[in-house]
Each structure stands twice: as C-alpha cells, then as structure tokens.
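Here is a short set of exercises for you to try with the viewer open. Work through each task first, then compare your steps with the solution below it.

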Amino acid sequence: MKEQMVKFDNYSIVHLEVSQIPDNFDGKKGELKIETEHHANPDEKKVHKLLIRLKTVTDKSIIDLEVEGYFEFYGEFEDDDIEKFMRINASSILYPYCRAIMSIVTGLDSSQNVLLPIINF
C-alpha cells in the first residue's frame, strides 16, 4: 500500500458581513444555516478547496460568513475518497475556525459573543 497524506494548508475569509436586523425582519432568530462546496484545482489536481458558508441571526444581527480552506493530497486517492474526506473531515477541520471568527466578530460590539454549536459533519 502506498503512503497517503492530506495537508491542511491554510484558510481565508472570503466574505464577512454583519448587519443590524431590520424592523421588518420576519426570519427566525437563532437559526444557523451551513452550506459546503468542494472544488478541485484544475491546474493542480492534488490541491482541493472547501468553502463553508454560514448564516445566523442573533437578537441584534444577521451574520454571513464564507471561509475557504485549502487542502493538499499526497499519494494516490480515489475520487470518492477525496470527496468523502472533503465533505466530512475537511469540514470538521475548517468549522472551528468559523466558530472562532463568529465569536470574535460578535464580541466586538456586544458583551454577548455568539458561540456556534459543535457539529459532526
């Protein structure tokens, strides 16, 4: 069996927006929406990118956050194994960074930081 390795290179904030809840808001407060997208780099097949989109509504704010994580695959992997890793493991690696960003940003204008729940992907 050949050696396989996955390296988490880095992450970056793609989009961050915090806005006050408008008076006519009819959405549900406390709701958390999470979406993920996985993309392979067409120029360099070993590099893969995971995008996590989070949207939550607090008592005062609507928060939109998009974070990209970059992963490198060394060795030979089946496409299904890469897809499964990106969906489960890469999401689990990247999500704590999202939680920290949300907590820090919401604490800048309030004494009540938003702490997102722990999630198993």
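Which residues does threonine 56 touch, not counting residues up to four places away in sequence? Bear in mind that the model is a predicted one.

**Exercise 1. Describe the surroundings of threonine 56.**

*Solution.*
- Step 1: Begin with the contacts. Threonine 56 touches Glu31, Leu32, Ser61, Ile62, Ile63 and Met102, leaving aside residues up to four places away in sequence.
- Step 2: Place the residue in the fold. Threonine 56 is found in strand S3.
- Step 3: Check its accessibility. The relative accessible area of threonine 56 is 6%, and buried means under 20%, so threonine 56 is buried.
- Step 4: Look for a polar partner. The side chain of threonine 56 reaches the backbone oxygen of glutamate 31 at 3.0 Å.

**Exercise 2. Work out the strand order of the sheet and find its edges.**

*Solution.*
- Step 1: Take one pair of strands. S1 (residues 5-20) and S4 pair in the antiparallel sense over 14 bridges. Within S4, phenylalanine 73 is the bridge partner of valine 6, and tyrosine 70 stands opposite asparagine 10.
- Step 2: Take another pair. S3 (residues 47-57) and S4 run antiparallel and are joined by eleven bridges. Lysine 49 has tyrosine 70 of S4 as its bridge partner. Tyrosine 70 thus appears in both steps, opposite asparagine 10 and as the partner of lysine 49.
- Step 3: Follow the chain from S3 to S4. A hairpin of three residues makes this connection.
- Step 4: Write down the order. The four strands form an open sheet, S1-S4-S3-S2, with antiparallel pairing. S1 and S2 (32-40) each have a single partner strand, so they stand at the edges and one side of each is left without a neighbour in the sheet.
- Step 5: Add the twist. On average, neighbouring strands of this sheet are turned by 15° against each other, direction ignored.

**Exercise 3. Is strand S4 mostly covered or mostly open, and what lies across the sheet?**

*Solution.*
- Step 1: Count the buried residues in S4 (residues 61-74). Eleven of its 14 residues are buried, and the strand is mostly covered.
- Step 2: Find the helix. H1 (residues 79-107) lies across S1, S2, S3 and S4. The angle between H1 and S4 is about 140°.
- Step 3: Inspect the core. In soluble globular proteins, nonpolar side chains tend to be buried together. Here the largest nonpolar core has 20 residues, of which Leu50, Leu54, Leu65, Phe71 and Met86 touch the most other members. S3, S4 and H1 each supply at least two residues of this core, and H1 gives the most, with ten residues.
- Step 4: Zoom in on one core member. Leucine 65 touches Ile13, His15, Leu16, Ile52, Arg53, Leu54, Cys98, Ile101 and Met102, again leaving aside residues up to four places away in sequence.

**Exercise 4. Find the salt bridges and compare the accessibility of the partners.**

*Solution.*
- Step 1: Set the criterion. A salt bridge needs a side-chain nitrogen of Lys or Arg within 4 Å of a carboxyl oxygen of Asp or Glu. By this rule the count comes to six.
- Step 2: Take lysine 7 and aspartate 9. They form a salt bridge whose closest N and O atoms are 3.3 Å apart. Lysine 7 is partly exposed at 39% relative accessibility, and aspartate 9 is partly exposed at 33%.
- Step 3: Take lysine 46 and glutamate 72. Their side chains meet in a salt bridge at 3.4 Å, N to O. The pair links distant parts of the chain, 26 residues apart: lysine 46 is in the loop between S2 and S3, and glutamate 72 is in strand S4. Lysine 46 counts as partly exposed at 31%, whereas glutamate 72 counts as buried at 12%.
- Step 4: Take lysine 49 and glutamate 68. The closest N and O atoms of this salt bridge are 3.4 Å apart. Lysine 49 lies in S3 and glutamate 68 in S4, so the pair ties together parts that are 19 residues apart in sequence. Lysine 49 is partly exposed at 28%, and glutamate 68 is buried at 14%.
- Step 5: Finish with the network. Glu35, Glu37, Arg53 and Glu66 are linked in a network of salt bridges.

Note on methods
Residues numbered from 1 in each chain as written. Predicted model: local features only at pLDDT ≥ 70, side-chain atom pairs only at ≥ 80, totals over all residues. Heavy atoms only, no water. Buried < 20%, exposed > 50% of the residue type's maximum accessible area, 1.4 Å probe, protein only. Pairing = 2+ DSSP bridges. Polar contact = N/O pair within 3.5 Å; in protein donor to acceptor, adjacent residues only side chain to side chain. Contact = heavy atoms within 4.5 Å. Axes fitted to C-alpha atoms, helices over the stretch in contact; angles between N-to-C directions. Core = buried A, V, L, I, M, F, W, Y, C linked by side-chain atoms within 4.5 Å.
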